[in-house]
Amino acid sequence: MAIRKIRTENEEVLRKVSKEVKKFDEALWQLLDDMADTMYDANGVGLAAPQIGLLKRIFVVDIGEGLIECINPEIVATEGEQFGEEGCLSVPNKFGNVRRPNYAKVRAQDRNGNYFEVEGTELMARALLHEYDHLDGKLYVDLVEGDLVEVE
């Protein structure tokens, strides 16, 4: 178990576009394991590689239904709308209301390079789209409607 340092919103790496993963090897598997350990340790529901300082198109998500590892993800469909509270491990102790699609379908590769699709509504859609945004250098604070709320 390796816990990586989570980068915070003032760090430049979070504003850069990530690069496609081309090697599916033991180093990638270790990175995926570390990302999951880091996410769980921080009580998050998702974590993208830029959040630990790596510009790779990778994120992990677990909304309580099991871990999903997405490598080189693409958004293939979105529908509907939801408006609700969102937070981020890279923007600690702050929340804001964000409008996102209520349904999302993502096509990605697993740790062995095999393609799969994952889809979900509500929290799953929000988590997939939030983590995907990280890969393009976007943070949820860019989408907040109204004020960010600070919590202790």
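Okay, to start: is Arg7 buried, exposed or partly exposed? Arg7 comes out partly exposed, at a relative accessible area of 25%. Keep in mind that we're looking at a predicted model here.

Let me stay with Arg7 for a moment, since it brings us to the salt bridges. Its partner is Glu11, and between Arg7 and Glu11 the closest N and O atoms are 3.3 Å apart. That's one of 16 salt bridges in the structure. Another one joins Asp25 and Lys23, with 3.7 Å between the closest N and O atoms. Here, Asp25 is partly exposed, at a relative accessible area of 24%, while Lys23 is exposed, at 61%.

Now for a pair elsewhere in the chain. Arg126 makes a salt bridge with Glu86, and their closest N and O atoms are 2.5 Å apart. Why does this pair tie separate parts together? Well, Arg126 sits in helix H2, residues 123-135, and Glu86 sits in strand S4, residues 82-88, so the salt bridge links parts that are 40 residues apart in sequence. Arg126 and Glu86 are both buried. And the pair has company: through shared partners, salt bridges join Glu86, Arg100, Arg126 and Asp133 into one network.

Glu86 turns up again in the next topic, the largest pocket. How much space lies in there? About 370 Å³. Its lining is made of 22 residues, and the ones nearest the centre are Val45, Glu86, Gly87, Cys88 and Leu89. If you look at which elements give two or more residues to that lining, you get S4, strand S5 (91-100) and H2. H2 has the largest share, with six residues. As for character, the lining residues split into nine nonpolar, eight polar and five charged. So, to recap, Glu86 pairs with Arg126 in a salt bridge, and Glu86 is also among the residues nearest the centre of the largest pocket.

On to the sheet. In general, strands in a sheet pair through backbone hydrogen bonds, and that can be parallel or antiparallel. Which order do the strands take in our open sheet of five? Reading across, the order is S1-S2-S3-S6-S7, and the pairing is antiparallel. At the edges you find S1 and strand S7 (115-121), each of them pairing on one side only. Neighbouring strands in this sheet are turned by 35° against each other on average, ignoring direction.

Let's zoom in on S2, residues 58-61. Ile58 and Val60 point one way from this strand, Phe59 and Val61 point the other way, and all are buried. On one pairing, S2 meets strand S1 (residues 46-48) in the antiparallel sense over three bridges. You can see that register in the residues: Ala48 stands opposite Phe59, and Leu47 stands opposite Val60. S2 also pairs with strand S3, residues 68-79, again in the antiparallel sense, this time over four bridges. There, Val60 stands opposite Glu69.

One last detail, about how S2 and S3 connect. How many residues lie between the two strands of this hairpin? Six, and one residue to look for in the turn is Gly64, which has a positive phi of about 105°.

That's my tour: salt bridges, pocket, sheet. Thanks, everyone!

Definitions and conventions: Residues are numbered from 1 along each chain as its sequence is written. This is a predicted model: local features need pLDDT of at least 70, side-chain atom pairs count only at pLDDT 80 or more; totals for chains, interfaces and linings use all residues. Side-chain values use heavy atoms; hydrogens and water are left out. A salt bridge is a side-chain nitrogen of Lys or Arg within 4 Å of a carboxyl oxygen of Asp or Glu. Buried means under 20% relative accessible area, exposed over 50%, partly exposed in between (1.4 Å probe, protein chains only). On a 1 Å grid over the protein atoms alone, a cavity is a set of points where a 1.4 Å probe fits but cannot get out, and a pocket is an open set with protein on both sides within 12 Å along at least five of seven lines; lining residues have an atom within 4 Å of a point. Grid points are joined across faces, edges and corners, and a volume is the space filled by probe spheres set on the points. Ala, Val, Leu, Ile, Met, Phe, Trp, Tyr, Cys and Pro count as nonpolar, Asp, Glu, Lys and Arg as charged, and the others, Gly among them, as polar. Two strands pair if DSSP finds at least two bridges between them. Axes are lines fitted to C-alpha atoms, for helices over the stretch in contact, and angles run from 0 to 180 degrees between N-to-C directions.
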